Amino acid sequence: MQFGLNESQQMLQDNARKFFAGECPMSEVRRLMETDTAFDKSLWTKMAEQGYTGIIFSEEYGGVGLGKVELILLMEEAGRALLPGPLFSTVALAGSVLDAVGTPEQKKKYLTPICEGRARSTVAILEAAASWNLADAKITASSGKLNGEKLFVSDAAVADSIIVVARDGVFIVEANAHGIHIDPMLGMDLTRKQYAVRFENTPAEKLGSSSGLAKALDIATSSLAAELVGGMQRTLEITVEYAKTRKQFGKPIGIFQAVQHQCSDMYLETESSRSAAYYAAWALEENTPDASVAVSIAKMYSSDAGRTVGNRGIQVHGGMGFTWENDVHLYYRRAKASETALGDATFHRERIARMVIDSGAELAKSA
Amino acid sequence: MDLNLTAEELQFRDELRAWLGANVPKDWDEWREKPLEESFPYLRAWQRKLNEGRWAAVSWPKEYGGRGATLMQQAIFWEEMARVEAPPMANSLGLGLIGPTIIAYGTEAQKHRFIPKILSAEEIWCQGFSEPNAGSDLASLQTEARLEGSHYIVNGQKVWTSYGWVGNWCELVVRTDASVAKHKGLTVLLIDMKSPGVEVRPLRQMTGESEFNEIFFRDVRVPAENVLGKVNDGWNVAVSTLMYERGSYGARLHLLFKRSIKRLIELAHKIQKDGHPAAQDPLMRQKLAQCYAEIEIMRLNQMRAFSRITATGVPGPEGSIQKIFWSELNQRVQQIAQELLGPYGQLLNGDSRAVDKGIWSYGYLRTRGNTIEAGTSEVQRNIIGHFVLGLPRSY
């Protein structure tokens, strides 16, 4: 039993960190977040060259064929860099859904261009009621035409296709299809843009049934948890650095226990989130019986911890933490958006309750 | 990253499982609730049996009667012990903390003299660290030892000594040089508790029991060969013991927590709230799920720490995360139990209406001590701040 990274995983993590530091430093994050879509095509092409856009997908479709743990490591580094744009929407979310419910032909048509860096995609789940229970979808596709509105769709404006979770199945539409209206929603997170997407008799191709989505959404959810871990790690580093250098009363503020203990708690919350996210990825990779519980534990914990670590980080920075110039608030904004995406802590606690309280069997087995 | 058991780990587990299957006592339930004074001979006998199977101290090197078990094998050991609800071992401080310290710092003669009897529970060990005026600031301790010929003469007082009432030997930290900085004048002595001048008094704690003792030393003579490690290097020896304390304890606790949450979920299905089982109450579901998740995260943190320690060789400051996590979590679990049980939660063992013989009222009170014993949460946060994050020392 070995809960550390192996050599190739360590290398992937190091390379991703170097790649994002070189290709997408904070100056670039700040430039992109001021644009309409926070998307940079040349950065995307470079990511595809690294194999990031096809990281977990089969070589048959142009992917790299690595595992969920490797995906999690990539997403953690992306979160650490506060990478703008559609890596999460396209790869962790849409790619996983295509991989799970698409036919081989559909994968060739939609997944291969994603792996090769030629296309972006996203998944539309929420509607006005903002429920993450897929059964609550109201939108329908009758005789191959979609009608209705989806909200909080990440990166829709730069997607070549949009996957729609509808009442009668999972559909995919081309972004330039008839009757699609994409309007920006002005969210707190400036680095991952969200959109309202309206369909009026839009021709849609059926991918499969919603029941096939569970595993794909678990992969995306654990990715989001990992991204939150990366954001927490960076927030912690920036904050500790500040606590070491900022002086008041003639001393670095990190010498005061009220400040120091905030930092220690940030560390504890970050490490605990990381343990949970890594385990969830491993459980998904191995298809362990507790994989879905593990995913919900990871998302539940990191949803809360992402916010708490941000709160502490801003507080330790004092007035500086409240300025636009300081980077901590950018991570804080992302953490807030990610907190609710794919279910907040309350949603996942209820999901855990259904799995471990309602079926006592699960617990008895693992106890 | 691979969380599957290796062939070697599986073999270890299967061998242990087979041994436990044949040897674990069947009548522990009759003893479990009795005061430790009464059940102690029973626990000694159980440890003796484990030792005969070479299972008493699996982490110790083979030449000292252990199995040289890896941290993962140790985790497997505690998991299997919990699975069959095996009784605890009598000499837990000797096996978990003091034995490893003697193996690391002791002379050959000391190892030869003490180790076998720690394993067999023939000699029970206690730990004399804290003093009335030296708690978190352990290095300021005042119990003094003065060399007179071939003996040290010890005078002073220790407090919060577990197993003091039954201890045959004590790992005692004393001041041997008051003229140097406080960390540099300490020495660890191994003291025979039957020595003239040693007086043990019970210390009644807020639960009403006396798990701990106060120990008074009046002109106690200790042979100089009973110094553990080097004279005036006691701080390093003591810290090494504390690291064992913070590192390994969490692995065992996880299984107790797992049993608590399992029991709370059972209770939640039985207890009615507003005409429905509490297990259907949305708020109670949220709270139980939160506890369940955090107990799992405690296990995962422990596994990751084990992997790190395996890579680096020694227990390090990351044990502080575990200490904070389990102690604060334990308090939260007990609070949820209180909310679930309502007014019944306060009933003590002995009341006919007490749930589970009063373990929840007891647990609620006892866990107050968790964030204090074995290094307060504040001290642990100082350790993380300074030794892990590199912030300046605050004291």
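Just after helix H10 of chain A, the residue A:Leu342 takes a positive phi of about 55 degrees. I should say at once that this is a predicted model, and that every value I quote is computed from it.

Let us stay with helix H10 of chain A, which covers residues 328-340. At 1.5 Å a residue, its 13 residues should span 18 Å, and the end C-alpha atoms are 19 Å apart, which agrees. Is this helix mostly covered or mostly exposed? It is mostly covered, with 10 of its 13 residues buried. Among them are A:Leu330, A:Tyr331, A:Tyr332 and A:Arg333. The buried residues of H10(A) pack against two helices of chain A, H7 (214-245) and H9 (291-317).

I turn now to the contact between the chains. Chain B and chain A each contribute 42 residues to it. On the side of chain B, helices H7 (234-270), H8 (282-312), H9 (319-341) and H11 (377-388) each supply at least two residues. The largest share comes from H8(B), with 16 residues. By class, this side of chain B has 23 nonpolar, 9 polar and 10 charged residues.

Finally, I consider a helix pair within chain B. Helix H1 (residues 7-23) and helix H4 (residues 71-83) pack with their axes 10 Å apart, at an angle of about 30 degrees. That makes H1(B) roughly parallel to H4(B), and the crossing is right-handed. Residues of H1(B) including B:Phe12, B:Leu16 and B:Leu20 meet residues of H4(B) including B:Met72, B:Ile76 and B:Phe77. The residues of this contact divide into 6 nonpolar, 1 polar and 4 charged.

Note on methods
Residues numbered from 1 in each chain as written. Chains lettered and ligands numbered in written order. Predicted model: local features only at pLDDT ≥ 70, side-chain atom pairs only at ≥ 80, totals over all residues. Axes fitted to C-alpha atoms, helices over the stretch in contact; angles between N-to-C directions. Helix = DSSP H or I, 4+ residues; strand = E, 2+ residues; numbered from the N terminus. Parallel < 35°, antiparallel > 145°, perpendicular 65-115°, else oblique. Left-handed = near helix turned anticlockwise from the far one by under 90°. Contact = placed C-beta atoms within 7 Å. Nonpolar A, V, L, I, M, F, W, Y, C, P; charged D, E, K, R; others polar. Expected span 1.5 Å × (residues − 1). Buried ≥ 20, exposed ≤ 12 C-beta atoms within 10 Å, placed from the backbone.
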